[in-house]
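Me: Could you take a close look at the salt bridges in this one for me? I'd like to know which residues pair up and how buried or exposed they are.

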Amino acid sequence: MLIERSDSLLLVVDVQTALMPVVARGDQAITEIGWLAAVAERLEVPVWVTEQYPQGLGTTEPRLTCALPQSARWFTKSHFNACREREVAQALEAATPRQVVIAGAEAHICVLQTALGLLKQGVEVFWLVEGCVSRRGEEARLAGERARKAGAQLVSADMVAYEWLERCDDQAFREVHRELLRPRASRPLRLGT
């Protein structure tokens with residue numbers, strides 16, 4: 001199945017200041033999630049952001065906050081599974097996305113539980129491999145594998161961007177290619193643990 005920009009959203013889970021310094025590949029995750037959020041903004045794909053107990057874990061990492069579109073929708077949560085938060089559940093019911101691209105921290109806790117919650121609701125989940133991170137990289141890998149076995153698709157940011165774009169002969173592609181795809185092509189990237 002392909003990711004359709006008209007039927008999807010990007011969900012960024014708990015990329016917070018107290019977590020990211022101790023997360024394996026945290027800097028790469030911030031960069032890649034921010035990059036994909038910029039693509040989403042240009043293509044008018046909604047971006048949602050959650051923060052788990054921000055009084056203790058801090059707010060969203062400032063480098064990512066700066067990269068997110070102003071139209072991003074923010075949710076505070078205490079459940080590990082964001083789908084169990086009333087505000088998130090109501091927003092999902094109202095928006096009825098068929099597909100969710102998910103990224104964040106920690107992959108084996110909040111990202112995984114939210115992905116499983118979305119799958120249970122019949123939403124197609126796309127697990128952004130370079131953007132789903134944990135303190136221990138092996139736990140992020142295990143979470144991705146569990147999500148995949150439950151029905152999520154493992155994807156890279158490039159896969160998502162090109163599926164959202166769909167074609168190369170329109171103005172949207174030319175702008176995104178010039179501003180985001182071409183500069184990213186030479187950036188090193190590590191997938192997996």
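Reply: Start with arginine 135, which pairs with glutamate 106 in a salt bridge whose closest N and O atoms sit 2.8 Å apart. Keep in mind that this is a predicted model. Arginine 135 is in the loop between strand E5 (124–133) and helix H6 (137–150), while glutamate 106 is in the loop between strand E4 (99–105) and helix H5 (107–120), so the contact ties together parts that are 29 residues apart in sequence. The two ends don't share the same surroundings: glutamate 106 is buried, at 8% relative accessible area, whereas arginine 135 is partly exposed at 42%.

Right next door in the numbering, arginine 136 has a salt bridge with glutamate 139, with 3.1 Å between the closest N and O atoms. Here arginine 136 counts as exposed, at 53% relative accessibility, and glutamate 139 as partly exposed, at 24%.

Now for a pair with both ends buried. Arginine 184 and glutamate 32 meet through their side chains in a salt bridge, 2.4 Å from N to O. This one links distant parts of the chain, with arginine 184 in helix H8 (residues 171–184) and glutamate 32 in helix H1 (residues 26–42), 152 residues apart. Because buried means under 20% relative accessible area, arginine 184 makes the cut at 7%, and so does glutamate 32 at 2%.

As for the overall tally, a search of the whole structure turns up 16 salt bridges.

Definitions and conventions: Residues numbered from 1 in each chain as written. Predicted model: local features only at pLDDT ≥ 70, side-chain atom pairs only at ≥ 80, totals over all residues. Heavy atoms only, no water. Salt bridge = Lys/Arg side-chain N within 4 Å of Asp/Glu carboxyl O. Helix = DSSP H or I, 4+ residues; strand = E, 2+ residues; numbered from the N terminus. Buried < 20%, exposed > 50% of the residue type's maximum accessible area, 1.4 Å probe, protein only.
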